[in-house]
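Me: Please take me through one part of this structure in detail. Keep it brisk, and give me the cut-offs as you go.

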Amino acid sequence: MSAPNDASTFVQYDPNIPKKSKPRRNWASPPLPVPTIAPIPSNAAEYRLSPSDTPLSPLQMNTNTPLNNFFEPLGSPYSPTTSLSSTLRQLHLSAQDSPELFKPSPRLSKWDHVTAVLTCISEHFPAFGDFAEAFTENIPRGDADPRSEMHIKMLSSWLGGRNRFGPVDLTQAMYRNRLSVPRYNSVHADELAYAFDAERTLSDIHFARIGLSIWATQLVGKRCAAEVGKLGKEDSNHPELRVHLRASANQRMKDSRTLVNENDVFAFSMQRMAGVLKKRACATWYLTECMAATRVNGEVVVRDKRPHPLIQAASISAFALCRNKSANGYLALPIAVWLFSCKAHSDIKRVFSRLGLAVDDKTAHRALNALGEARLAALRGATAEALEKKEPYCRKVLDNIQQYQLVHEHNIGKKSMLITGTAATAIRLDDCEPGAFNLDDYHDRLVRNERSTLTTEGLFQDVDFEHLHRVMCLHVVRMLCEHVPSLDPLRPRISERFRSDPIQKHRMREGRKSYVVPLGANSHYEMEAHGMKEAQKDFDTQVGYKPDEVVKANILIWDGGDGGSFLSGGNVKRHLFPQMVQLDVYYSFVNRLWTTDIWHVKANMLNVMAVNYYGPKTTKDPSALSRSAAAANLYVPTKPSACNFYPASRAMRTICEAQVLDIWDLHLTEHTGLLPHFEELAARDALPNLDELLEHADTLVTRYMSASGYRTALSSSRLERAPAIHRFPIGRSWVAQAEPSEPDPSTDNPGTLCSKDNMLYHCSYRAE
């Protein structure tokens with residue numbers, strides 16, 4: 001029952017009258033139209049909000065809440081006679097007079113609210129941009145701020161990220177909006193080609209996306225320029241990387257300036273430099289990473305070949321050197337020293353210098369001279385301290401040098417010639433017993449002549465063959481574990497066995513590293529007695545061995561070299577021995593101890609093995625190393641008596657490992673394959689442990705790699721009488737014969753290194 005305000009219109013309820021159903025509301029119908037706001041009166045400019053008024057939005061005009069500082073008078077040139085605050089006052093008064101007109105509809109959408117606000121803005125500003133400019137205007141500090149408190153709070157909250165939709169979201173929305181780019185038929189369609197063109201002026205651009213791209217490019221460019229400029233200066237937060245490496249200094253500034261040292265060049269690390277550049281130049285590093293890095297599913301992937309961090313570091317280093325010619329500590333100076341050590345052509349050095357990847361060749365020369373002087377000065381100081389303790393500091397290794405100097409443009413006094421001389425390297429003596437190099441003790445031992453009975457048989461008796469057998473067994477197991485993936489977990493235990501008793505004999509101190517100082521070469525010819533004598537005196541001067549101090553310390557001077565140097569050094573001692581009475585122990589060279597260098601001994605033994613076992617370069621003999629090396633495309637020396645050390649040693653090691661794996665294959669699987677055998681054992685969880693493999697290795701070493709096994713293989717009758725551990729299956733015999741014009745499969749034995757199960761094995765040892 002309804003109760004209208006007018007009592008005369010009261011109608012009594014009758015239940016017999018059928019009830020009328022209300023029409024069903026259509027929720028899909030468009031919302032009600034926006035209510036019309038009353039026009040602004042002519043005297044609206046006279047209204048002002050008092051400080052006691054509370055803020056009120058235009059869509060809440062139906063409430064009776066008073067206004068409070070919603071807007072102060074703008075005083076803007078856009079509204080000379082009216083203000084937004086006076087308009088809101090008039091709207092408030094109109095709302096009190098006609099509340100039904102300003103009653104908001106609960107069905108207004110956000111677009112209706114936007115339209116209402118934009119309508120209000122358009123009445124008081126020429127354009128939305130003018131309103132945005134006034135809203136975000138930056139008032140300098142110290143100036144009078146005409147903005148209202150609400151204006152400041154809203155702007156601070158929005159710019160400070162305390163709103164759901166912040167300035168970054170607004171920028172992204174403007175950039176992604178389809179209205180921010182010109183259409184194909186627009187008069188400004190040519191602006192599409194100006195995107196990200198930092199050379200363009202922003203005031204000439206009309207559309208938002210084009211302008212934002214240009215502004216962002218210019219902003220990032222300025223940031224990268226600032227970062228690269230800072231890279232040219234030293235950074236106290238990263239003292240491990242010196243930016244300015246001074247290669248030289250004059251006599252006046254030599255004591256006050258720090259020159260390049262050996263750690264700056266020889267301890268250089270590209271990874272460490274890349275880490276420093278990533279921290280010091282974040283924006284530049286990110287941009288170069290975007291250019292160089294490969295991404296898979298959005299993730300950066302570092303490739304094995306040409307890893308992008310190293311390429312980024314090299315590029316940024318060139319940028320820093322281009323901006324500051326003194327910023328050579330990142331990559332330029334180490335690369336220049338590397339080019340010098342590689343004897344690169346001068347044109348290559350010029351190209352690298354022009355590209356900013358290296359400093360000038362003269363700068364590299366001055367830096368190396370400074371390094372040499374600094375290291376020699378440190379060596380002389382250490383030698384002087386050692387002589388005070390009556391101990392030597394280092395030993396010297398000598399060798400002859402020769403370089404053919406080719407003259408491309410012949411002229412008077414210029415011709416191609418062979419430059420010869422002598423070079424030496426000082427090596428620090430570490431972990432030596434005190435008094436080990438005492439001269440008197442050495443002479444006493446020579447007088448006693450206790451080793452006069454030393455013979456080859458005596459040296460043979462000193463060999464610990466049992467220890468060699470254990471070491472060989474471990475090496476045989478190591479080769480197997482390196483080849484079979486399922487046995488890879490045993491490799492750390494094998495390494496531990498090598499480092500523990502009874503395998504280890506005399507291990508070096510943990511962390512020990514040889515300290516080497518190259519000495520300046522001279523023009524003396526070491527193969528002559530006079531040349532060797534003068535060369536040794538020159539090197540002693542560089543090391544810091546002064547004659548009177550050496551005589552006072554009463555020490556031995558240890559020198560070494562190859563066979564020629566050893567022979568020449570002995571000749572000097574023999575020639576000067578008759579003058580020992582008139583000369584002291586230094587000038588008579590009595591205190592010189594000459595030994596053959598280990599590397600030269602190894603190189604000599606390698607040449608002997610190559611002469612005895614390589615054979616002809618083209619042969620079918622399966623026992624010749626040249627046949628195996630040719631089959632596996634390994635190094636075959638053209639002159640076995642003077643082969644290249646490292647390629648020849650690698651080839652011999654590879655052939656040895658292949659033969660050992662073939663023996664394992666014969667012993668365990670009878671040449672059915674090592675990998676399938678161990679894969680089957682791994683599937684059944686029946687892999688052998690290290691001790692079981694060592695038992696098998698003991699049998700293989702005794703049978704195939706021992707002196708007794710070698711003697712057994714020389715005679716079939718001896719093989720029949722040998723114990724079971726020495727017996728081995730006999731394969732097909734090979735008889736040297738003339739090579740036929742066409743190979744005969746029935747008689748030709750392959751006898752080569754073949755590939756089976758990713759393993760090289762020697763077919764001549766295969767049993768029938």
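The part I would like covered is the open sheet with its helices and charged side chains.

Reply: This is a predicted model, in which local features need pLDDT of at least 70 and side-chain atom pairs count only at pLDDT 80 or more, while totals for chains, interfaces and linings use all residues. Residues are numbered from 1 along each chain as its sequence is written, and side-chain values use heavy atoms, with hydrogens and water left out.

Start with the strands. The open sheet has 5 of them, ordered E5-E4-E3-E6-E7, with mixed pairing. Helices (H or I, at least four residues) and strands (E, at least two) are DSSP runs, numbered from the N terminus. Two strands count as paired if DSSP finds at least two bridges between them.

The sheet's edges are E5 (516–518) and E7 (592–596), each pairing on one side only. Between neighbouring strands, the average turn is 30 degrees, direction ignored. Axes are lines fitted to C-alpha atoms, for helices over the stretch in contact; angles run from 0 to 180 degrees between N-to-C directions.

Now look at one pairing. Strand E6 (residues 557–561) runs parallel to E7, and 5 bridges join them. Gly560 has Thr595 in E7 as its bridge partner.

Two helices pack here. Helix H13 (residues 361–388) touches strands E3 (394–405), E4 (417–428) and E5, and its direction makes about 125 degrees with that of E5. Helix H18 (residues 529–543) touches E3, E4, E6 and E7, at about 120 degrees to the direction of E3. Contact here means heavy atoms within 4.5 Å.

Next, the charges. Side chains of opposite charge can pair when their charged atoms come close. The structure holds 23 salt bridges. Each one is a side-chain nitrogen of Lys or Arg within 4 Å of a carboxyl oxygen of Asp or Glu.

Asp559 is the residue to find. Its side chain meets that of Lys396 in a salt bridge, 2.9 Å from N to O. Asp559 sits in strand E6 and Lys396 in strand E3, so this pair ties together parts 163 residues apart in sequence. Asp559 also forms a salt bridge with Arg592, at 3.5 Å, N to O. Arg592 belongs to strand E7, so this second pair ties together parts 33 residues apart in sequence.

How buried or exposed are these side chains? Asp559 is buried, with a relative accessible area of 0%. Lys396 is buried at 1%. Arg592 is buried too, at 0%. Buried means under 20% relative accessible area, exposed over 50%, and partly exposed in between (1.4 Å probe, protein chains only). The salt bridges go on to form a network that links Lys396, Asp540, Asp559 and Arg592.

For contrast, move away from the sheet to helix H16 (residues 465–483). Glu466 and Arg470 both lie in H16, 4 residues apart, about one turn of the helix. They form a salt bridge, with their closest N and O atoms 3.1 Å apart. Glu466 is exposed, at 56% relative accessible area. Arg470 is partly exposed, at 27%.

To sum up, Asp559 pairs with Lys396 and with Arg592. Strand E6, where Asp559 lies, is joined to E7 by 5 bridges.
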